[in-house]
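Student: Could you take me through one part of this structure closely? I would like to understand the open sheet and its strands.

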Amino acid sequence: MSLEHFKNRNIGTQHYATIDVGHAPVGAMQTFMQVVKRSLKGELFVGLWVTLREMINALFKGDMATVKYPFEKLPISPRYRAIHDMLRLLESGSYRCIGCGLCEKICISNCISMDTRYDENQRKEVSEYTINFGRCIFCGYCAEVCPELAIVHGPRYENASEQRAGFSLFEDMLTPIDTLNLQQEYDGFGAISPNADDTIKKTPLAY
Amino acid sequence: MSEVQTVENMVNITIDGVQHQAKEGEYILNAARANDVFIPAICYLTRCSPTLACRICLVEADGKQVYSCNAKVKEGMEVTTSTPTILEERRAIMEVYDVNHPLQCGVCDKSGECELQNYTLEIAVDSQSYMIPDTKRETTNWSSVLHYDPGLCIVCERCTTVCKDMIGDAAITTAKRGGADLDKGYKESMPKDAYAMWNKLQKSVIAPSNGTEFTNCSDCGECVAVCPVGALVSRDFVYKSNAWELKRIPAVAAHSSDGAHIYYEVKHGSIEDRTEKIYRVTNEWNFVSLDGSARFAYDFENRGADNTGVKKDSMAFAAALEAFKKAETVRFNAMITNEEALMLQTLKEKMGLKLYNPEVRAFQKFLGYYAAASGSSLYSTDTDTIMKKSDFVIAVGTALRHDSPALKYAFNNVQKLNKGAGLYFHPITDTLIAGFGKSVETFTHKVGLEEAVLYLILDLFADKEKLPADVKAYIDSFKTTQTETITEKVEKTIKEMVLNAETGEEEEVSKKVKEDVQKEITVTTNGLVDLLGGDSSTFDDVFAKMMSKKEAFSLMVGEDFYFHPQAENLAKLVALIEATCVMDVVMTPPKSNALGVALICDLDDTATGYTVGYNENGDFRLSALGDGDLDMPAMNQQEGTLTSMSKRVLPTNAALEYEGYELNDIVKALVGAPEQTIEWTELLPLSKGFKALAFDSLPNAFTNDGRDNRGYVLDTKKEEAQLPAVAYFDSNAVLEGEIAYRCNPARQFNDFTDKSHEIFETFSLYASPAKAESLGEKVEVVFENGSIVLDVVVDTKMQGDIVKIPDFKSAKDVYGLFGASRYQTVTIKKV
């Protein structure tokens, strides 16, 4: 084990790197030339024409490209990565999450945290689970790594909230037990491929 | 160990076509590891005997398949680590291990550091060819710390091996379990070794060796450490955290003087509480074995009185400065780093404070006597060297099981691995030690006869030419010779003339006849053996057997000697033994950093006036226990060095945050000091053998071949010295009556071990089963200068009438009760 990080006691010191941003114009002439070049290009009018065309189509031809959000919502792809859902087992209603901690480990923005304990039935119980959505970048790694398909991305993309803690607890993400029959099997990021049965070798069983 | 590898004991071998050098007589596996060559192996432990349970370390040596953990290197040997047949065996073995092994790695505590996972990936097992019906196996708790899940167990027997060969408790063993028989067809179709391994695996499980559901052991947890899978886990750690979440901080075990290398593994407390906590302690189990205090007494950090963490309390700090200015004495114990000891010594030099440390003072004096008598500033060996070299160990004046776990492990390991022998002299019979090996003799002698023990050792081991004439004569004076007549059966050949019936001629026939012959012999009775509670009539034969083929002898000396009225004479005798016998000596510093304190501080014999106590009683208390007038960082919250029994100066790192004041701040304000505590490291006194090395330059790891490469070894200064003039002993100066012995239960060393939540040994009177029955449940022990009321607890491995009274609670001032001796005559009253 390397001891390097034990030896650095200057914990307040940051190491900043500078990046190359190119040259700024030098002198009045170069500045003037840059202004002229930017002002006299025709692209402005191309953009204005596109806007005008779309406006005519929408107003007179009924060709509307937008929906009346929030009263209307577009269907969303199953591969879309929005606020996470925690699923239950359909048969028993128990949590699918086994507390393996892989999502916590793989999370690149380090926003998942869980506490586990040894419960009365000698099983591993997830006693607390949170995702800090202020930090989550919705990369989908957690859903991909989950061995139980317990954490998945749901379709709830409205993640504005009055409080930070809005929907970051396990219970908020968990399928409510009374709507278990409505729980959708996830076929997005990290789900089992449709031909999975054909591609795996079966383990022999002596029963 | 830092022994020089000489060219003579090295041999040349070729592994996979590459030339390597290996130590003669070493196993191929170890030789390969030392040379950075990978051979897979699951069941082998470096310092224990090979078990041949996993059979995965198969290699080809000189064209023959051998198990590399069990075959020794030879000059010119050619080793191939993988051939197609070997790869086939290994693949089959790993597949068998995966049969019915639960696949819920997600809930397993070992996931991420599991050898079964690793080797399954390494051997690339991606399909299964074998099957057998599974057997239901229930999880059990073996003790207050051990949790066993047989469903996960692969019966590699590492736990039983380490418990027997290293720890010495032999508390667990393989047991039979029910289970289906293997399909007959497998015998033909499977690789041979995999089949044999499976056959055994399918029938076995691990269980306590005493036949009950619970282990009766020292709860060191080494079995947990060596378990390659999640079958054995500390009860406290079950399902608490994944291995990869824990940050490992290399440190030194703080409580005993073994100076074991450990890792504190830290993580935030929970989702709400983000302050870091220690979750467990792990070790490099191939190179170092921990005792229970090192492994389980880890959460002794100072969190302040209200358990919320220590902040800088400038009022208390000012009061501490005032207290130091007012004080005449600083009282402290061995639980202190070298740097802090040097700070206190600096305070003594600049402010004239007295340093009072009864725990270490006796040891310091003893070291002084020894140095004066032997000319050597320090004793000659250490535990690691004993384990690697010795084949005859003698322990005197130490309750091996309690005082120094590392020495107990070494004593046991020598018996098991070096085909060794051992002598154990102590007033309290320890049934465990007697069972370490067939060649272990234990002597239960009377308290006060420690000198006689050393004279017996001189008699048994000394080169009589070298011994001073008076000592030789004195030893001989204990011997009496008697002439005895014994009857021996002697075989005689008698010739007879017999008439041959066939030929009718007389023939000469020789016949063998046994005849009783009276013989006179001289029998020497060694009075020393009888005096020490042995049987002199049988001892000679027993000892002759013990001595056969023995070459390297070691003597372990313990705390009884330091707290002995005749300590000086004992030290001289030890020096004499070292000079006249071929024998190395190791001394157990009593607790933690006693050796460091003994070398750095000039300790005083008495405390006077206003006293500042550092983790001890005093008028003003600096304390890392959270209950003092000013908080101090505990040993797991500070960096610094500790001096271990192995004479090494070992760096330890801070595992947990500490925001309060340290001793360095006080010294800085009083007399001036460097900015940081660790800047004292290079100032440690060169005259005492320390080196001027900066803390950050100290290495802290083992090498691949198991060499301890941590910190640095103290220089031992040697001068030519005359043989010391030793005094005779008074065989009447023995303690009689009810005797109490100051001795902590295993795993308890000080207030800090007591504070840890995984240490359960109580502050009680420990007695043998028979004695405990006669004492009842609760007793008052009356000393000359006070008394103490204690519960009675049975120690099943003790025999005899002497009782043990622990000293780990400094508030109880047991040192004060016992005074200058570890043994005291007491009156025990039932309460």
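Tutor: Happy to! Let's begin with a word we need: two strands count as paired if DSSP finds at least two bridges between them. Keep in mind, too, that this is a predicted model.

With that in hand, look at chain B, where five strands form an open sheet in the order S15-S14-S24-S25-S26, and the pairing is parallel. Where does this sheet end on each side? Its edge strands are S15 (354–356) and S26 (630–631) of chain B, and each of these pairs on one side only.

Now zoom in on the edge strand S15 of chain B. Its partner is strand S14 of chain B, residues 329–331, and the two run in the parallel sense over three bridges. You can even pick out a single pair of residues here: B:Arg331 stands opposite B:Tyr356, which belongs to S15(B).

For a wider view, let's turn to how chain B meets its neighbour. On the chain A side 25 residues are in contact with 23 residues of chain B. Helix H1 (4–7), strand S2 (112–118) and strand S3 (124–131) of chain A each give two or more residues to the side that touches chain B. The largest share, five residues, comes from S2(A). By kind, the residues on this side of chain A are eleven nonpolar, seven polar and seven charged.

Finally, chain A itself is divided into domain 1 (27–60) and domain 2 (84–192). The C-alpha centres of these two domains of chain A lie 48 Å apart.

How values were computed
Residues are numbered from 1 along each chain as its sequence is written. Chains are lettered from A and ligands numbered from 1 in the order in which they are written. This is a predicted model: local features need pLDDT of at least 70, side-chain atom pairs count only at pLDDT 80 or more; totals for chains, interfaces and linings use all residues. Two residues are in contact if their C-beta atoms, placed from the backbone, lie within 7 Å. Helices (H or I, at least four residues) and strands (E, at least two) are DSSP runs, numbered from the N terminus. Ala, Val, Leu, Ile, Met, Phe, Trp, Tyr, Cys and Pro count as nonpolar, Asp, Glu, Lys and Arg as charged, and the others, Gly among them, as polar. Domain bounds come from an automatic or database domain assignment.
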